[in-house]
Amino acid sequence: RRPRLAAAAAAAGARNGMMTLDEFNAAPPVEARRLLFHACHCTDWVEAMLSERPFADGAALLRAAAAHWQRMDEAALLEAFSGHARIGDLAALRDRFAPAAREQGQVAEADEAVLSDLLALNRAYEDRHGFIFIVCASGKPAAAMRDLLRERLPNDRATELANAAREQAAITRLRLAGAIERLPDPTPGGGPGSQPQQQERA
């Protein structure tokens with residue numbers, strides 16, 4: 001049965017880029033790992049999710065995603081953040097992080113002045129906090145993201161680790177819902193979990 005399900009998973013991927021939950025549960029580790037890394041670029045989280053297969057249903061998968069994300073330490077958070085393009089960096093979106101183009105929505109259509117603001121603010125944010133600005137940008141206009149960057153930039157690093165972790169949780173849930181059929185609908189600002197229980201903050 002497992003070989004048949006793995007073959008079905010490959011066929012589903014060729015058909016629409018998605019798997020059913022049964023196909024994900026039965027997929028070879030290398031395929032399941034690839035899907036999970038796309039959802040969240042964090043080795044510890046991915047391996048924790050793999051170790052918990054099979055999932056009884058979509059809600060169970062999302063609960064596990066939340067629980068494991070909440071256990072991640074700062075190093076794991078930073079690894080996850082490193083998998084993202086900078087907001088407004090169109091070259092990076094095209095060349096390295098194609099899936100981010102969908103998540104960053106209206107930024108791709110923003111005028112040059114807004115893009116310039118986003119780039120400058122993101123660089124200032126990274127200089128201040130040591131990691132890039134993370135936001136679940138689906139549906140947000142570029143000006144709104146620029147304003148959010150301005151609002152979050154002055155925060156201390158611990159606050160921004162928590163904010164970025166919460167946004168990563170929302171991104172992860174959106175990506176899981178886009179890769180595995182019939183998961184519960186992702187909700188804006190929801191996501192798998194809120195913020196991890198930090199083991200280290202600087």
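Begin by selecting helices α3 and α11, whose axes come within 8 Å and cross at roughly 140 degrees. The model on screen is a predicted one, and this helix pair is a convenient place to start reading it. Two packed helices are described by the angle between their axes and the distance between the axes. Angles over 145 degrees would count as roughly antiparallel, and α3 and α11 are therefore oblique to each other. To see the contact itself, show the side chains of Leu35, Leu36, His38 and Ala39 on α3, and on α11 those of Gln168, Thr172, Arg175, Leu176 and Ala179.

Stay with His38, which is placed in helix α3 and counts as partly exposed at 30% relative accessibility. A distance drawn from its C-alpha to that of Leu176 should read 8.6 Å, although the two residues are 138 apart in sequence.

Now zoom out to the whole chain. The protein has eleven helices and zero strands, and buried residues make up 47% of its 202 residues. Among contacts between residues at least 6 apart in sequence, 67% join residues at least 24 apart.

**The nonpolar core**

Next, select Phe24, Leu36, Trp45, Leu61, Trp69 and Leu176, which touch the most other members of the largest nonpolar core, a set of 51 residues. The elements that give two or more residues to this core are α2 (21-26), α3 (29-39), α4 (43-52), α5 (58-70), α6 (74-81), α9 (112-129), α10 and α11 (157-179). Colouring these helices separately helps in following the core, and the largest share, eight residues, comes from α11.

Which residues does Trp45 touch, not counting residues up to four places away in sequence? Centre the view on Trp45 and display its surroundings, where the residues touched on that basis are Leu36, Ala39, Cys40, Ala65, His68, Trp69, Met72, Thr172 and Leu176. Two of these, Thr172 and Leu176, also belong to the α11 side of the contact with α3, while Leu36 and Ala39 belong to the α3 side.

**Helix α10**

Move on to α10, residues 142-152, and select its buried residues, Ala142, Met145, Arg146, Leu149 and Arg152. Seen down the axis of α10, these buried residues fall within an arc of 135 degrees, so they line one face of the helix. An α-helix has 3.6 residues a turn, so residues three or four places apart point the same way. Ala142 has a relative accessible area of 7%, and its C-alpha lies 7.8 Å from that of Leu115, a residue 27 places away in sequence.

**Salt bridges**

The structure holds eight salt bridges, and three of them are worth displaying in turn. In the pair Glu74 and Arg157, the closest N and O atoms are 2.9 Å apart. Glu74 lies in helix α6 and Arg157 in helix α11, so the pair ties together parts that are 83 residues apart in sequence. Glu74 itself is buried, with a relative accessible area of 7%.

Return to α10 for the next pair, Arg146 and Asp147, in which the closest N and O atoms are 3.7 Å apart. Arg146 counts as buried at 17% relative accessibility, whereas Asp147 is partly exposed at 41%. With both still selected, add Asp117 and Arg150 to show a network of salt bridges that links the four residues.

The third pair joins Arg182 to Glu181, with the closest N and O atoms 3.5 Å apart. Is Glu181 buried or exposed? Glu181 is buried, with a relative accessible area of 18%, while Arg182 counts as exposed at 75%.

**Two backbone details**

Keep Arg182 selected and turn to its backbone, in the segment after α11. Although Arg182 is not a glycine, it has a positive phi of about 60 degrees. Most residues other than glycine have a negative phi, and most peptide bonds are trans.

Where in the chain is Pro54 placed? The last stop is the loop between α4 and α5, where Pro54 is found. Show the backbone from Arg53 to Pro54 here, since the peptide bond between them is cis, with omega near 0 degrees.

Terms used:
Residues numbered from 1 in each chain as written. Predicted model: local features only at pLDDT ≥ 70, side-chain atom pairs only at ≥ 80, totals over all residues. Heavy atoms only, no water. Buried < 20%, exposed > 50% of the residue type's maximum accessible area, 1.4 Å probe, protein only. Helix = DSSP H or I, 4+ residues; strand = E, 2+ residues; numbered from the N terminus. Arc of directions from axis to C-beta. Core = buried A, V, L, I, M, F, W, Y, C linked by side-chain atoms within 4.5 Å. Contact = heavy atoms within 4.5 Å. Salt bridge = Lys/Arg side-chain N within 4 Å of Asp/Glu carboxyl O. Axes fitted to C-alpha atoms, helices over the stretch in contact; angles between N-to-C directions. Parallel < 35°, antiparallel > 145°, perpendicular 65-115°, else oblique.
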